[in-house]
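Please read this short report alongside the structure. It takes the parts one at a time, then the places where they meet.

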Amino acid sequence: MTYAVECRNISKSFGKNIALSDINLNLEKDKIYGLLGRNGAGKSTLLNIVTAQLFPSSGEVRIFGEAPYENDRALGHICIVKESGMFLKDVKVGDALDIASSFYANWDNNLAERLLREFELDRKKYYKNLSLGMKSQLGIIVGLASRAPITIFDEPYIGLDAAGRQLFYDALIDDYMENPRTIILSTHLIDEVSNLLEEVIILHKGTVKLEGNSEDIKNKAFYISGIKDRVENHITGKKVLSKEEFGKTLAVAIFDNISEKEKRVMEADDLTISNVPLQQLFIYLTGGRMIKRGDINE
Amino acid sequence: MNKIKSQLKMHYINSKLSFIIFWSIMLSISVLGILISIFLRSRGYHGVIVTNNFIAVVVFGAISGLVAYNETLPYMLNMGITRKSFVFGFIAYNIILSIVLSILFALLTLLEGLVYNLLGFTSQQMDHLFFSAFSKGEILERVLLYFAITLVATAFFTLVGSIYYKKGMMFLFGLGALIMLLMFIPGVPQAVFEALKPMILSLTGDKGYLLLMLYSMIFLLACYAIIYPLARTSQIKR
Amino acid sequence: MKIPLDENKLIYMQIAEAIEDAVISGELNEGDQVYSTNQFARLYGINPATAAKGINLLVEEGILYKKRGIGMFVAEGARNMIIGKRKTKFIEDYIYKLIREAEKLNISKEELIDIIKAYEGGNK
């Protein structure tokens with residue numbers, strides 16, 4: 001099958017700093033991917049490489065099978081929305097959209113106009129005079145109205161409040177349902193978007209820590225708590241992400257398979273089992289725990 | 001071809017604000033110059049006219065090129081334009097900008113000449129005006145001269161801008177220092193001058209303006225021949 | 001407004017359960033059309049593929065069936081199927097635990113049956 005985006009052994013260093021290390025990814029078309037990572041994980045670097053704005057130190061990218069560098073056709077499939085570098089300063093909102101419309105073959109002006117109204121942006125305002133949130137909204141409008149077969153949103157909502165972000169998510173899902181395309185959403189606001197993602201890629205310190213279907217991943221991440229000995233009995237051999245003790249109770253987070261049968265046995269032992277939400281799993285996998293007293297004694 | 005048109009539209013929209021500001025200033029300078037000339041004349045200083053200067057246009061063109069390259073390259077890369085297409089689009093922008101600037105400046109000086117004439121200044125006094133308003137044949141030649149100079153200046157400073165974009169300030173200074181040093185080596189400046197002499201002399205001849213166009217175009221192409229590989233290896237900056 | 005979801009459970013399972021609950025309660029009758037994946041996506045604020053996963057689960061179990069070009073419908077006998085499914089789960093979850101706990105306390109099965117019969121709590 002032809003993937004929408006392929007990354008083959010992508011590495012990138014800036015001097016001595018290794019930003020990306022041997023990234024291999026295959027993104028299928030028409031799915032919503034979440035590219036999750038902490039600040040500095042390498043998300044933007046990877047996305048800039050995918051869009052040929054940055055050159056990898058080694059490795060190759062394929063967009064629908066073609067290398068994107070200096071390739072009109074391949075690049076024509078992509079629209080990337082970024083925090084900065086998306087617009088010229090001395091240009092009015094209306095003109096900025098006008099310019100964008102001439103660069104994206106699938107541009108839908110009705111959608112752009114509708115979003116402009118929903119976001120209440122003034123088309124006569126100069127870009128440099130917009131607030132941070134409004135600049136983000138403009139970027140989002142371009143990203144959605146472009147209807148590009150591969151649309152990338154790289155943390156597109158700086159300065160946007162929760163209501164504004166919700167508007168974005170709603171508009172995104174709505175338009176995706178009517179016009180399916182490959183969407184890559186790069187973010188660290190995971191709990192807000194986790195329900196929207198079909199596939200998840202967790203990037204940490206330049207490597208892919210985890211990738212796969214979001215529900216499948218969730219089905220491998222469990223909280224188990226109960227009496228300490230009983231818990232420990234049941235988790236031998238399983239990959240443990242975190243442990244916390246309160247008196248005789250032990251609460252663990254594991255990343256492993258648990259069959260229905262195992263679940264029943266555990267529950268019969270009075271253990272509580274629930275799925276770990278993506279946000280929390282992410283924190284465990286990227287080492288974002290707070291140091292607690294118990295850790296020091298371990 | 002589509003993308004070149006889209007880029008030109010982008011350059012047009014991007015230039016609008018600075019264009020309006022620049023020409024407003026130029027107009028004000030012309031008006032101010034006229035007022036000062038009138039004042040001086042009334043004080044008995046005949047033979048003095050304060051006019052606008054073409055250098056301003058050259059500087060504007062040069063800076064526009066340099067700044068536009070640095071601003072629009074990352075913007076266009078983000079929009080999915082190939083670097084090759086960008087350079088071609090920029091050449092078109094360079095040429096069109098020079099045409100527009102030269103025509104506008106010619107019109108401005110024509111206007112100045114008209115006003116001075118109406119105010120009773122003599123044509124002797126107006127000799128200071130780089131161009132007198134009345135010989136139509138000369139107007140075209142002068143526009144061509146403006147065009148050539150603006151074209152060359154813009155292309156050169158775009159080149160400077162492209163070196164700055166790719167290599168940064170330090171490298172640019174280093175390069176500039178190197179060139180200056182070369183000029184201090186005995187014999188080098190003279191050699192350069194000797195090499196350029198035939199070219200400069202040919203301009204004073206019959207086909208002067210035609211050759212001027214030719215040389216400017218060659219210079220333009222030479223600049224962009226260097227800009228092209230620089231752009232092709234340029235990336236988005238952090 | 002979006003219907004809230006439990007973040008500690010799989011989303012597509014919650015969608016499937018919600019449909020099953022609607023069938024049991026009578027909100028959805030056999031032969032009725034079920035919301036499309038897009039409608040579920042909008043209702044819950046989720047990815048339509050996830051909604052599809054939940055629906056497909058029920059299709060595989062025979063609780064829903066697909067009419068090409070029209071949508072998903074509740075199958076004949078779905079209600080009984082669901083009740084049967086839940087009974088099985090009830091047995092696997094509660095009965096298993098009940099018997100295991102009783103074993104730990106040395107209560108025989110016969111004793112257990114008597115206790116249940118005599119028990120005063122509950123709705124009936």
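What follows covers a sheet, two single residues, one chain as a whole and three contacts.

**A note on the model**

This is a predicted model. Local features are described only where pLDDT is at least 70.

**The sheet in chain A**

Start with chain A. It holds an open sheet of six strands. The strand order is β5-β6-β7-β3-β8-β9 (chain A). The pairing is mixed. Strands of a sheet pair through backbone hydrogen bonds, either parallel or antiparallel.

Which strands form the edges? They are β5 (78–81) and β9 (207–213) of chain A. Each of these edge strands pairs on one side only. From one strand to the next, the twist averages 15°.

Look now at the β9(A) end. Strand β8 of chain A covers residues 199–204. It pairs with β9(A) in the antiparallel sense, over six bridges. One residue pair shows the match: A:Ile202 has A:Leu210, in β9(A), as its bridge partner.

At the β5(A) end there is a helix. Helix α5 of chain A, residues 132–145, lies across β5 and β6 (150–154) of chain A. It runs at about 165° to β5(A).

**A glycine in chain A**

A:Gly42 sits in a loop. The loop lies between β3 (32–37) and α1 (43–50) of chain A. Is A:Gly42 buried or exposed? It counts as buried, because it has 24 C-beta neighbours inside 10 Å; the cut-off for buried is 20 or more.

Which residues does A:Gly42 touch, apart from neighbours within four places in sequence? The contacts are A:Ala19, A:Leu20, A:Gly37, A:Leu203 and A:Gly206. Of these, A:Leu203 falls within the residue range of β8(A), 199–204. A:Lys218 is 176 residues away from A:Gly42 along the chain. Their C-alpha atoms are separated by 24 Å.

**A tyrosine in chain B**

B:Tyr228 belongs to helix α6 (residues 208–232) of chain B. This residue is partly exposed, because 18 other C-beta atoms lie within 10 Å. Partly exposed is the class between 12 or fewer, which is exposed, and 20 or more, which is buried.

Compare the position of B:Gly113. Along the chain, B:Tyr228 and B:Gly113 are 115 residues apart. In space, their C-alpha atoms are separated by 42 Å.

**Chain C as a whole**

Chain C has five helices and two strands. From the N terminus on, the order is α-α-α-β-β-α-α. Its C-alpha atoms fill a box of roughly 55 × 30 × 25 Å along the principal axes. What is the radius of gyration of chain C? It is 19 Å, whereas a compact globule of 124 residues would have a value near 14 Å.

Buried residues make up 24% of the 124 residues in chain C. Take the contacts in chain C between residues at least 6 apart in sequence: 57% of them join residues at least 24 apart.

Chain C is divided into domain 1 (11–78) and domain 2 (79–118). The C-alpha centres of these domains lie 30 Å apart. Their contact takes nine residues from domain 1 of chain C and five residues from domain 2 of chain C. On the domain 1 side, helix α1 (residues 11–25) of chain C gives the most, with three residues.

**Where the chains meet**

Chains A and B share one contact. It takes 19 residues from chain B and 20 residues from chain A. On the chain B side, the elements giving two or more residues are α1 (2–42), α2 (54–78) and α3 (83–118) of chain B. The largest share, seven residues, comes from α1(B).

Chain A also touches chain C. Here 17 residues come from chain A and 21 residues from chain C. The elements of chain A that give two or more residues are α6 (162–178), α8 (214–218), α10 (260–268) and β13 (272–275). Helix α10(A) gives the most, with three residues.

The table sets out three contact sides by residue class.

| Contact side | Nonpolar | Polar | Charged |
|---|---|---|---|
| Chain B, touching chain A | eight residues | seven residues | four residues |
| Chain A, touching chain C | seven residues | four residues | six residues |
| Domain 1 of chain C, touching domain 2 of chain C | four residues | two residues | three residues |

Notes. Residues are numbered from 1 along each chain as its sequence is written. Chains are lettered from A and ligands numbered from 1 in the order in which they are written. This is a predicted model: local features need pLDDT of at least 70, side-chain atom pairs count only at pLDDT 80 or more; totals for chains, interfaces and linings use all residues. Two residues are in contact if their C-beta atoms, placed from the backbone, lie within 7 Å. Helices (H or I, at least four residues) and strands (E, at least two) are DSSP runs, numbered from the N terminus. Ala, Val, Leu, Ile, Met, Phe, Trp, Tyr, Cys and Pro count as nonpolar, Asp, Glu, Lys and Arg as charged, and the others, Gly among them, as polar. Domain bounds come from an automatic or database domain assignment. The radius of gyration is taken over C-alpha atoms; the globule rule is 2.2 Å times the number of residues to the power 0.38. Two strands pair if DSSP finds at least two bridges between them. Axes are lines fitted to C-alpha atoms, for helices over the stretch in contact, and angles run from 0 to 180 degrees between N-to-C directions.
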